[in-house]
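Here is a quick tour of one chain, taken a few residues at a time. Keep the viewer open and follow along.

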Amino acid sequence: MTATDPPITLPLRVTRNEQIAEGIHLLEFCDPRGNLLPEFSAGAHVAVRVPNGLLRKYSLCNDPAERNRYQIAVKRETNGRGGSINLIDAVKAGDELTVTAPVNDFGLPSRAQDFLFIAGGIGVTPIRAMIRQVMAEGKRFRLFYCSRSPETTAFRDELSTPQLKHMVTIHYDEGDTSRSLDLRPILAERKNREHLYCCGPRPLMEAVRAMTDHWSSTAVHFEAFSEAETHKADDKPFKVKLARSGAVLDVPTDRTILEALREHGLEVPSSCETGTCGTCRTKLLDGEADHRDLFLAEHERKDTIMICVSRARGGNLTIDR
Ligand code: FES
């Protein structure tokens, strides 16, 4: 399936909506007739049609071996567009909601044996499923989980059990950036050919991206929830020239380069459309990019651009399309 295909949707019954930490609810979905659900692997997400009409993407956080339920953890986003608040406050057990079948842009490579997980806040959700899958496969992991306080930490008890606690470090910063976990010693070297999976607030992921330039780019993976973070209030329109045809396209403030190419009739492969998966990687032939992805290493940024999120810095761009 490509990003432009309509998603497969499932009418699912909510079987649980319960607070598991301050501002965080666990919601559980089952098939209304008790059928097995489509399989998923760790890192997969679904999109939920919230009662107020918004479609919201959430990572599945339960054990991927479970076929009878999907679980998501939802943080009450008071600065959002109301999707999470509506889901938490208006949905109760017994309701039916439309949920898309799972899609995975953040999967674990089957040959890797060692994993380093870094989670910030609600970004722990895909990591919880990953821990279950990694342990079931007899593989190894370390988790560094950054949170504000014990009360706001989802899954704190299960991550503190004797079985897990020697692999898990939970760091509390009390909302004070000067008390953030120092990630430099953790990321200074790539131990045991670990694959790094990071999910959390954008500043955390950008810091991890900047500290892992010396890692193989195929070993560093990010998951971003919000496309909105890649648009900025002071974005300017610009033009992009397609070197192969000579066409010059306008990219207005409310469009990405990828969208402009599609509107021009070009078929461009994409997947995450949040600048994390690498699918839309494109050669930059001229101009200076404003890079907003979490995929490219610093040395690649001069002549490569991820067209699903990045824009022009000032002038116009020429790309190899
Ligand atoms: S589509 Fe995933 S980085 Fe652009």
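## Starting at Cys-146

Let's begin with Cys-146, which sits in strand 8. Bear in mind throughout that this is a predicted model. Cys-146 has a relative accessible area of 14%, and because the cut-off for buried is under 20%, Cys-146 falls in the buried class.

What does Cys-146 touch once its neighbours within four places in sequence are left aside? The contacts are Ala-119, Gly-120, Gly-121, His-171 and Leu-181. For a sense of distance, try Asp-31: its C-alpha is 34 Å from that of Cys-146, with the two positions 115 residues apart in sequence.

## Leu-204 and helix 5

Next up is Leu-204, in helix 5, which runs over residues 202–211. Is Leu-204 buried or exposed? Its relative accessibility is 14%, so Leu-204 counts as buried.

Not counting residues up to four places away in sequence, Leu-204 touches Ile-118, Ala-119, Gly-120, Leu-183, Cys-198 and Cys-199. Ala-119 and Gly-120 are also on the contact list of Cys-146. Leu-183 lies 21 residues from Leu-204 in sequence, and their C-alpha atoms are 9.7 Å apart.

Leu-204 has company: the buried residues of helix 5 are Arg-202, Leu-204, Met-205, Val-208, Arg-209 and Met-211. As for what lies over them, the cover includes strand 7 (114–120), helix 4, strand 10 and strand 11.

## Salt bridges

Side chains of opposite charge can pair when their charged atoms come close. In this model the count comes to 28 salt bridges.

Take Arg-69 and Glu-66, whose side chains meet in a salt bridge at 2.9 Å, N to O. Arg-69 has 22% relative accessibility, so it counts as partly exposed. Glu-66 is partly exposed too, at 23%.

Arg-76 pairs with Asp-89, and here the closest N and O atoms are 2.6 Å apart. This pair links distant parts of the chain, 13 residues apart: Arg-76 is in the loop between strand 5 (70–75) and helix 1 (83–90), while Asp-89 is in helix 1 itself. With 33% relative accessibility, Arg-76 counts as partly exposed.

Then there's the bridge between Arg-292 and Asp-235, with 2.8 Å between the closest N and O atoms. It also joins distant parts of the chain, 57 residues apart: Arg-292 belongs to the loop between strand 15 (289–290) and strand 16 (304–306), and Asp-235 to the loop between strand 11 (220–223) and strand 12 (238–242). Both Arg-292 and Asp-235 are buried. The two are part of a network of salt bridges that links Asp-235, Glu-288, Asp-290, Arg-292, Arg-311 and Arg-313.

## A negative patch

Which residues gather in a patch of negative charge on the surface? They are Glu-22, Glu-151, Glu-174 and Asp-176.

Glu-151 is worth clicking on: you'll find it in the loop between strand 8 (140–147) and helix 3 (156–159). Its relative accessible area is 46%, so Glu-151 is partly exposed.

## Two positive phi angles

Have a look at the backbone of Arg-193, where phi is near 55 degrees, a positive value in a residue other than glycine. Arg-193 lies in the loop between helix 4 (184–187) and strand 10 (195–199). At 63% relative accessibility, Arg-193 counts as exposed.

Glu-273 has a positive phi of about 55 degrees as well, although it is not a glycine. Its place is the loop between helix 6 (257–263) and strand 14 (281–286).

## Last stop: Thr-15

Finish in strand 1 (residues 9–21), where you'll find Thr-15. Thr-15 has 36% relative accessibility, so it counts as partly exposed.

Leaving out residues up to four places away in sequence, Thr-15 touches Glu-28, Phe-29, Cys-30 and Ala-93. Compare that with Ala-289, which is 274 residues from Thr-15 along the chain: the C-alpha atoms of Thr-15 and Ala-289 are separated by 47 Å.

Definitions and conventions
Residues numbered from 1 in each chain as written. Predicted model: local features only at pLDDT ≥ 70, side-chain atom pairs only at ≥ 80, totals over all residues. Heavy atoms only, no water. Helix = DSSP H or I, 4+ residues; strand = E, 2+ residues; numbered from the N terminus. Buried < 20%, exposed > 50% of the residue type's maximum accessible area, 1.4 Å probe, protein only. Contact = heavy atoms within 4.5 Å. Salt bridge = Lys/Arg side-chain N within 4 Å of Asp/Glu carboxyl O. Patch = residues over 30% accessible without salt bridge, like charges linked within 9 Å, V, L, I, M, F, W, Y side chains within 5 Å. Areas by Shrake-Rupley, 256 points an atom, 1.4 Å probe, with all protein chains shown as cover. Lys, Arg positive; Asp, Glu negative; His and termini not counted. Charge placed at Lys NZ, Arg CZ, Asp CG, Glu CD.
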